[in-house]
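Trainee: I am new to this structure and should like to examine a single part of it closely. Would you please take one buried polar contact and then place it within the chain as a whole?

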Amino acid sequence: GLIELHEGETLYLADGALVYSRITAIDANNIRILGHGILDGSRNKAEILYEASHETTGNYEAVKNCIRHDTIKIEYCDHVVIDGITVRDSCIYNIRPIGCYDLTCRNIKIVGNWRYNSDGIDMHNCDKVLIDGCFIRTFDDCICIKGFDCYYEGDVEQAVHDAMYRNGKSYDVFRDVLVKNCVIWNDWGKCLEIGAETRAEEICNIRFEDCHIIHVTGTPLDCYNIDYADVHHVSWKNC
């Protein structure tokens with residue numbers, strides 16, 4: 001199912017609750033997702049668009065052949081708090097904020113992500129973000145600071161422009177992020193990352209502090225700029 005949050009609403013997942021659903025919010029300020037319950041994405045299935053074979057088309061084409069939904073997707077929302085919950089078995093990204101201002105993710109547990117692209121917290125062109133005291137175990141990337149991606153057929157650059165300059169506001173800079181006191185377990189991808197998508201004018205003032213990486217097979221700390229953002233003032237301290 002789908003839970004839609006609107007302006008000023010709080011979703012509370014009580015201790016012991018197991019909720020099979022996904023959450024979205026668009027243009028909804030002052031929202032909160034709280035509690036110690038579990039948000040389970042295992043029943044969210046991909047919509048297959050056409051048959052693809054890894055042997056004949058390659059992995060990238062096999063990923064493009066379906067529509068998948070993030071377990072928590074927050075778009076253009078200000079003053080957002082996600083605190084205490086557990087997210088498991090996501091179909092793709094577990095938590096995906098886009099163009100948000102003043103976002104706090106605290107004491108979140110993310111586990112059980114065995115699918116390709118089951119990233120932990122992937123953010124796009126946000127401003128003023130705190131990620132504190134989280135445990136994140138994912139198959140793919142754990143925490144990513146990204147520009148806009150817009151992976152679909154059509155005029156991608158126009159879609160990126162429309163996403164950056166929306167309703168008279170600019171979302172062309174990703175800045176002021178603090179990730180601290182997190183425990184990271186990565187099974188295949190990258191742990192604390194900037195990129196790969198970097199469609200933004202600037203990505204700056206990014207700090208990773210006092211994070212424990214307890215398992216990794218790939219790259220633990222990474223800045224992967226494949227687009228055009230001016231990436232500066234980035235630090236990893238005691239990680």
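Mentor: The side chains of Ser90 and Thr71 are joined by a polar contact of 2.8 Å. The model is a predicted one, and the distance is computed from its atoms. Ser90 lies in the loop that runs between strand 11 (86–88) and strand 12 (95–98). Its relative accessibility is 0%, and because buried means under 20%, Ser90 counts as buried. Apart from its neighbours within four places in sequence, Ser90 is in contact with Thr71, Asn113, Arg115 and Ser118. Thr71 thus appears both in this list of contacts and as the partner in the polar contact.

Strand 11, at one end of that loop, belongs to an open sheet of seven strands. The order in this sheet is 3-6-11-14-17-22-25, and the pairing is parallel. Strand 3 (18–20) and strand 25 (212–215) stand at the edges; each has a single partner strand, so one side of each is left without a neighbour in the sheet. From one strand to the next, the twist in this sheet averages 20°. As a general point, the strands of a sheet pair through backbone hydrogen bonds, either parallel or antiparallel. One pair within this sheet may be followed residue by residue. Strand 17 (residues 135–138) and strand 22 (residues 183–186) run parallel and are joined by four bridges. Among the paired residues is Thr138, whose bridge partner in strand 22 is Asn186.

A second open sheet has eight strands, in the order 2-5-10-13-16-21-24-27, again with parallel pairing. Here strand 2 (10–13) and strand 27 (230–237) stand at the edges, and since each has a single partner strand, one side of each is left without a neighbour in the sheet. The twist in this eight-stranded sheet averages 5° from one strand to the next. At the edge formed by strand 2, four bridges connect strand 2 to strand 5 (residues 31–35), and the two run parallel. Thr10 has Arg32 as its bridge partner in strand 5.

Strand 24, a member of the eight-stranded sheet, leads to another polar contact. Glu197 is placed in the loop between strand 23 (192–196) and strand 24 (202–209). With 8% relative accessibility, Glu197 counts as buried. The side chain of Glu197 makes a polar contact of 2.5 Å with the side chain of Lys146. Glu197 may also be set against Glu157: these residues are 40 residues apart along the chain, and their C-alpha atoms are separated by 13 Å.

The chain as a whole gives the setting for both contacts. The protein chain contains two helices and 27 strands. Buried residues, Ser90 and Glu197 among them, make up 49% of its 239 residues. Of the contacts in the chain with a separation of 6 or more, 66% are accounted for by residues 24 or more positions apart. A compact globule of 239 residues would have a radius of gyration near 18 Å, and the value for the protein chain, 17 Å, agrees with this. Along the principal axes, its C-alpha atoms fill a box of roughly 45 × 40 × 40 Å. The protein chain exposes about 10900 Å², of which carbon and sulfur atoms supply 49%.

Conventions
Residues numbered from 1 in each chain as written. Predicted model: local features only at pLDDT ≥ 70, side-chain atom pairs only at ≥ 80, totals over all residues. Heavy atoms only, no water. Pairing = 2+ DSSP bridges. Axes fitted to C-alpha atoms, helices over the stretch in contact; angles between N-to-C directions. Rg over C-alpha atoms; globule rule 2.2 N^0.38 Å. Buried < 20%, exposed > 50% of the residue type's maximum accessible area, 1.4 Å probe, protein only. Contact = heavy atoms within 4.5 Å. Areas by Shrake-Rupley, 256 points an atom, 1.4 Å probe, with all protein chains shown as cover. Polar contact = N/O pair within 3.5 Å; in protein donor to acceptor, adjacent residues only side chain to side chain.
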